[in-house]
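Dear colleague,

I am passing on the structure we discussed, so that you can have it open while you read. My notes on what was found in it come underneath.

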Amino acid sequence: MKLTSVDWLIMLLYFVFVLGIGFALKRYMKTSKDFFQAGRALPAWICGLAFISANLGAQEVIGMGASGAQYGIITSHFYWIGAIPAMVFLGIFMMPFYYGSKARSVPEYLKLRFDEKTRGLNAVAFAVMTIFSSGISLYALASLLQILLGWNFTFSIWISATIVLGYICLGGLTSAIYNEVLQFFMIVFGFAPLAWLGLRDVGGWEGLKARLIPVATQQGFAPGTWTESWKHMGSASANPLGVEWFGLAMGLGFVLSFGYWCTDFLVVQRAMAANSISAARRTPIIAAFPKMLFPFIVILPGMVAVALLQDHHGGFMLPPVSATDPSPNYNMVMPMMLGHYLPSGMLGLGFTALIAAFMSGMAGNVTAFNTVWTYDIYQSYLVKDRPDTHYLHVARWATVVGILLSIAAAYLANSYNNIMDVLQLVFAFVNAPLFATFLLGMFWKRATGHGAFWGLFIGTAAAAVHHGLTIPIGATSLVKGGWLGSVQHVYPSEMAQNFWTAIWAWTSCFVATIVISLATTSQKTDAQLRGLVWSLTPHSDKGETETPFWKRAAPLGAVVLLLTLILNIIFW
Amino acid sequence: LDIRYPIGFLFLVVGAILTIFGAAGSDPSIYAAHSLGLNVNFWWGIVQIAFGALMVVLAKCGASKGDHEG
């Protein structure tokens, strides 16, 4: 793929604006609150777009495009079931506690609600995970630029990391959030033409449906499987995901989705930067509007790509996975579609959008890391009671160290792919039970610190044991499961195994937290738990009835859920 | 700093580049432009100019109301 001077000009302009925003904000970074919490001064629409953009990393754009080609419209479950309900729940029920408690981070909320050891466990696990996530994002970007543009791997890593480091060091969370808003619009303007041009090329939605019938039937599925999202979820063997409706709804729609959207500080941090509790509550709900439409930008091009591959319509091709594996590399769907449909100029815009997606994901991880490191680890355990300027200084150094560790993680991923697979697996074990702890913490005042801490451990252990005793069909590596020797169950797909691992982890954590809490005494008084637990927090609707419905979280959330339901029915 | 200004200006500039580049004639070897009969650079550039202008106008309206960040 060859970029021309106009493509490079557009890319250069974008980088100049990104760094310019950082420079413009530098003089406002006077306290650690400015740097870590954006002074809690941002309006809901900015926080909402940043909330969605921080999640728009490598996995979203590249991964969902690939899944659109591999599985069809059924991939939309990761949005309409696997994101929207959790985002609405976070806005209506959980943000009042995160924001109202004045906690500066999610781990700090755990300290206020439970105890120091629960906070420490969550903070350390989260800090390590964000560094590796950031590193994987960096590795994926550098690999892509190497394949598509022939850029040197090391050059790609250092140039991307330096730009992200520059704008975060200069303007802290505000700069990251402002740039995420800019990146959101770049991504929309860069990828939206792909969906429109592709759909027009294959004869509209009806034409696409007709072209995808042979894709489904050749793999032994019913003709409409690639264009119907719920109709084939009755049994795991009837759809390409290999998951039945209950595993999908509970594993993805409840445990994994709520575990990510409601407890991951990377996204919650954006809502915590809002200028009022009302704005903080509306942040994830505002983000849900574009989120529900993103399948049309990232999944639809994947579906068009697999339709084009049927007869190499217009000469469209995908490169093979490797020299020894001739099957098409679906991870190249989005870049190859950009090259196929966009002329010079718009191709530069599309590539800039691709780079913006990687950078926003990485910046989200780095800002979350520097906050948790400084507040929840450094200030809590290493150097207490120093003036605020000291922690602001530490924050900037934490950003530099976070970026350097991300670069190291990217090189690790490049050298030892299997190590990263194992690490991602361990992170999945740690994350799966988290939502049970938060749910009980916020809605059951009897939950104790001991219950939360040991519940998390037991949930993580349950996830590991379940994974060690099961395998998906066709597994050839112990990373895929069965490493405890005796395989008790074979799942129809890796995704089904992941969903059920999460269900086991969540249930174990939930039950263990309740049992241990009932057997131990809470160290917190009701007064200490006010503002942290639902039953002890006054719910004032004063003034709410006078504000228009679009400025209130609950009615706005109801509109989002209704629209999502309509989308599910349209593509049933 | 009102973020709508940098967003608006960036899209105005990028939109202008695409429109001028498109008006000068798109690369005929590009499949979409050739097969679909579209000058996508030109029209998408116009859309971006309109979006950029909208953001700047919204920022100016916000500033006149003392609302620096929307």
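The notes below take up chain B, then one helix of chain A, then the salt bridges.

Please keep in mind that this is a predicted model. Chain B contains three helices and zero strands, and buried residues account for 46% of its 70 residues. Of the contacts in chain B between residues at least 6 apart in sequence, 76% join residues at least 24 apart. The chain exposes about 3300 Å², with carbon and sulfur atoms supplying 72% of that area.

In chain A, helix α10 (residues 204-217) has 14 residues and spans 21 Å from its first C-alpha to its last, which is close to the 20 Å expected at 1.5 Å a residue. α10(A) nevertheless bends by about 25° at R211(A), with a proline, P214(A), following within four residues. Its buried residues, among them L208(A) and L212(A), pack against α9 (153-201) and α15 (300-311) of chain A.

Over all chains, ten salt bridges were counted. D526(A) forms one with K445(A), their closest N and O atoms lying 3.4 Å apart; this pair links distant parts of the chain, since D526(A) sits in helix α23 (residues 526-529) and K445(A) in the loop between α20 (434-443) and α21 (449-469), 81 residues apart. D526(A) counts as partly exposed because its relative accessibility is 37%, and K445(A) is likewise partly exposed, at 38%. In chain B, R4(B) pairs with D2(B) at 2.9 Å between the closest N and O atoms, and both residues are buried. Finally, E116(A), R119(A) and D376(A) are joined in a network of salt bridges.

With best wishes

Conventions. Residues numbered from 1 in each chain as written. Chains lettered and ligands numbered in written order. Predicted model: local features only at pLDDT ≥ 70, side-chain atom pairs only at ≥ 80, totals over all residues. Heavy atoms only, no water. Helix = DSSP H or I, 4+ residues; strand = E, 2+ residues; numbered from the N terminus. Buried < 20%, exposed > 50% of the residue type's maximum accessible area, 1.4 Å probe, protein only. Contact = heavy atoms within 4.5 Å. Areas by Shrake-Rupley, 256 points an atom, 1.4 Å probe, with all protein chains shown as cover. Expected span 1.5 Å × (residues − 1). Bend = angle between axes of the 7 residues up to and from the residue. Salt bridge = Lys/Arg side-chain N within 4 Å of Asp/Glu carboxyl O.
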